[in-house]
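Please walk me through this structure, stop by stop. I have it open in a viewer and want to know what to select next and what is there.

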Amino acid sequence: MSLWKRISSHADCEARMAAYYDEKGLFDLRLCLAAWIEDRIMSEQITPNSAEQLERVALKFNEDLQQKLLSTRTASDQALKYRVVELCTQIQRTSALELYTHLRGGLQKELQLATEKSVATPGPSMPLSPYNMNNPSGYMDPSELMAVQPAVGAGLGVIHNALGTAKVELFEIEHQIVQYFNEFSTCGNSLKILVQNYSYMLNSTGSPNPEEAFKCLMTEKAAIVTTLCRSYICYEPLQELIISELNNWRRQQALAGNGAPFQESTLDQIQRCFELLESFIGHLLAAVKETLRVHLVNDEPELNNLLERVRGAQKNLVCAAFIVDKQPPQVMKTNTRFAASVRWLIGSQLGIHNNPPTIECIIMSENQANRFVTRGTQMDSTLAGQSSGEIQNCSSTMEYQQNNHIFSASFRNMQLKKIKRAEKKGTESVMDEKFALFFYATTTVNDYQIRVWTLSLPVVVIVHGNQEPQSWATITWDNAFADIVREPFAITDRVTWAQLSVALNTKFGSSTQRALTRDNLDFLFEKLQRDERSDYITWNQFCKEPLPDRNFTFWEWFFAIMKLTKDHLMGMWKASCIMGFINKAKAQDDLMRSATGIGTFLLRFSDSELGGVTIAYVNEYGSVTMLSPWTARDFQILNLADRIRDLHMLRWLHPSDTNGVPLERDRAFAEFYSARDGTNEPKAGYVRSTLHVQVRNAIGDNGSIIGTPQHPIPSPPQDSSMSMGNPEDSDSDDSCVLDAIERYVADTSPDDPVSREIIATIMSATCKSPLSASSGDFAMADFDVNFGDVYKQII
């Protein structure tokens, strides 16, 4: 199966790569010539390592591509012919270098995605040249060593066959490392014999046949060199695979910053593989050096080249093993203490733990980090002067734990005192600016000095709490959509809704402990979507552009709801008592269709007020009333469940799940009610008071009660308010109303249904305990009654 077929089997991967190729208009080309492009680029025997070489390779690729397209034009399929003509036109508008590098970069991304999804990619390995934070020099192509002996080439194929399964397990990689290391170890005796024979030849003065002895030594050495080359070819893809697994772990670490599940303990297994690889490459390096001491000819370019490669592989392995295992807070407030830690996955292999280095930390801006990485800036004594801020307690000595082989440095009490910001352009704000903590150290390995460093995940620095929402937008987007390997901190400015919905669901679910439903996500998409023809959501739509007819962005609205739910509504949200993400029109339609009718209600998040929740319910006239939204400030006075308990017109909770059934109000919310048993007696001289929610009559735009004929009445305006008073006083007020009703009843017919409904309405609007009419098979909308005049008469 081709690489593209494997990518297209995952909708999110396919959408991500489609967006990438569409940046240069090459998506159709990738689809039309998928197999040819993969075979052509992946089969290259040379990795371009200079601008001139890269340009030559690109021009050759462009020529081959045009020939391939021209040969395809002879096809009998007219649609295919037309498509090929369009592709030819497209590549004529794109420079050869730009086209080649974009396609090559796309294949690298596909391979990374395939690894991330644990998708097998058997076949020839691609000469990758990705940015590696600890290896600016890039990848060394093992294919250059393939010519040593034809049989050696089989080694790499065995690895791919053994490891290119549906899911690469770390224990399988560990098994392969041990297997190839054992095979390499068999040359140890041969190497000892070679050294002994060489020493004997040098010290011998009267050898009967020196030419024959020399030829034997040359043959023995050639066999050992072949074994060493084969061992390195087997070793290198294993190292790449483990570094790829580590990058995957780091990617999962970034997603965990948004709340995704994270198996942190996998790092211990990865370290075990790093330790085995270090042992392997260390012994291989010693063997190559020992073989070079058997000096039979003046020039041995093959063996010298192998020595450089093995040294480079060891350095790459040691540097790649230096990581941030405990990330600092990604929204970092100045003058606030925070912690982080770094870990070196080599354990005790190199003996560095016997003289542990001190790790230093500075904060770098995005531009500084980018210059350092892409230009391969060398670390020197002036590195501390490149910091973009001042951090207290920014150094820590590494410690080795014998029981678990963890070699790490902990920064438990760091504090960012000052920050230097770059000049802002256009609509940029401080909440869009990314920094990173840069950890570094210098130590000695095998008689040469090595400098290791690593970057934390991006952080946004704030000085005030009101900067937090937009800062989390920057971090959430970066954590969700950054590539595993990238230039700091390059990120796409648009993603598909399928990608964004996963990120929003992860973020909201981890914060509130209940995931969003499909209906919730559909509602969010409607809120974000600007162009019905496109499934893409841009960064500006996400957090920069105000929502239609609003003065806040989507992210501000979403973040405020998430915070409200986490702080005040989590229990009810987890219990599915809150429908939440539903617009006003659909809420009204759902309630009107409800089988339970009058008294049915639901809770939805406000569209017009940040961090607001409102109640929609079917009133006694069969229409829907919407209460003014409540916010966190209201719930600091009285929680939502107690407010619902006070509103006696709310009887049935409309199910948040389409397959659910309505629940009786007290059954749904009883566990969230606060105790009102009067156990907290007031001090002497005071009378205890309680808080209750009261909803005044709902008034239409022209002053009429909703659901009744339009008559002007002197009723109070629509709102929901708190009432406070003594229970005894309420009972007294109710008695006065009951007396007024009795006087009214004395003047009317007790069998008159209209009179009974009028009395019930007055009781609902006035008394502490509303009453229902004894007959419920008629509605007040059927009668022309002036309630204002009746109310005045009775009172």
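**First stop: a helix crossing**

Select α16 and α17: their crossing is right-handed. This is a predicted model. Helix α16 covers residues 497-512 and helix α17 covers residues 518-528. The two pack at an angle of about 120 degrees, and their axes are 11 Å apart. Roughly perpendicular ends at 115 degrees and roughly antiparallel begins over 145, so α16 and α17 are oblique to each other.

Now show the side chains between them. From α16, pick W497, L500, S501, L504 and N505. Their counterparts in α17 are L521, L524, F525 and L528.

**Zoom out: the whole chain**

Colour by secondary structure. The protein chain holds 26 helices and 20 strands. Its length is 795 residues, and 48% of them are buried. Take the contacts with a separation of 6 or more: 69% of them join residues 24 or more positions apart.

**The largest nonpolar core**

In soluble globular proteins, nonpolar side chains tend to be buried together. Here the largest nonpolar core has 80 residues. Start with L228, F274, W344, I359, L437 and F439, which touch the most other members. Then select helix α11, residues 210-256. This helix supplies 14 residues, the largest share of the core.

Centre on F439. Which residues is F439 in contact with, leaving aside its neighbours within four places in sequence? The list includes the aromatic residues F322, F411 and W453. V324, A340, V342, I359 and V452 are also in contact with F439. So are E360, C361, T454 and S456.

Another core lies apart from this one. It has 63 residues, among them L603, Y617, L653 and F669.

**Strand β1 and its partner**

F322 leads to the next selection. Pick β3 (residues 337-344) along with β1: the two strands pair in the antiparallel sense over four bridges. F322 stands opposite W344 in β3. Strand β1 spans residues 322-326. Four of its five residues are buried, so β1 is largely enclosed by the rest of the structure.

**Two buried residues in helices**

Go to C319, in helix α13 (residues 301-320). Is C319 buried or exposed? Its relative accessible area is 3%, and buried means under 20%, so C319 is buried. Now add T454, 135 residues away along the chain. The C-alpha atoms of C319 and T454 are separated by 8.7 Å.

Next, select S471 in helix α15, residues 468-481. S471 is buried too, at 0% relative accessibility. Not counting residues up to four places away in sequence, S471 touches V331, M431, V460 and I462.

**Backbone stops in the loops**

Most residues other than glycine have a negative phi, and most peptide bonds are trans. Three places depart from that pattern.

- Select P488 and F489. The peptide bond from P488 to F489 is cis, with omega near -20 degrees. F489 sits in the loop between α15 and β12 (494-496).
- Select D549. Its phi is positive, about 60 degrees, although D549 is not a glycine. D549 lies in the loop between α18 (539-543) and α19. At 76% relative accessibility, D549 counts as exposed.
- Select S576. Its phi is near 65 degrees, again positive in a residue other than glycine. S576 is in the loop between α19 and α20 (584-592). At 33% relative accessibility, S576 counts as partly exposed.

**Last stop: a five-strand sheet**

Strands of a sheet pair through backbone hydrogen bonds, either parallel or antiparallel. What is the order of strands in the open sheet of five? Trace β16-β15-β14-β17-β18, with mixed pairing. At the edges stand β16 (624-626) and β18 (663-664). Each has a single partner strand, so one side of each is left without a neighbour in the sheet.

Select β14 (residues 600-605) and β15 (residues 613-618). They pair in the antiparallel sense over five bridges. Find L602: this residue stands opposite A616 in β15. Finish with helix α19, residues 554-574. It lies across β14 and β15, running at about 150 degrees to β14.

Note on methods
Residues are numbered from 1 along each chain as its sequence is written. This is a predicted model: local features need pLDDT of at least 70, side-chain atom pairs count only at pLDDT 80 or more; totals for chains, interfaces and linings use all residues. Side-chain values use heavy atoms; hydrogens and water are left out. Two strands pair if DSSP finds at least two bridges between them. Contact means heavy atoms within 4.5 Å. Axes are lines fitted to C-alpha atoms, for helices over the stretch in contact, and angles run from 0 to 180 degrees between N-to-C directions. A nonpolar core is a set of buried Ala, Val, Leu, Ile, Met, Phe, Trp, Tyr and Cys residues joined through side-chain atoms within 4.5 Å. Buried means under 20% relative accessible area, exposed over 50%, partly exposed in between (1.4 Å probe, protein chains only). Angles under 35 degrees count as roughly parallel, over 145 as roughly antiparallel, 65 to 115 as roughly perpendicular and the rest as oblique. A crossing is left-handed if the near helix is turned anticlockwise from the far one by less than a right angle, and right-handed if clockwise.
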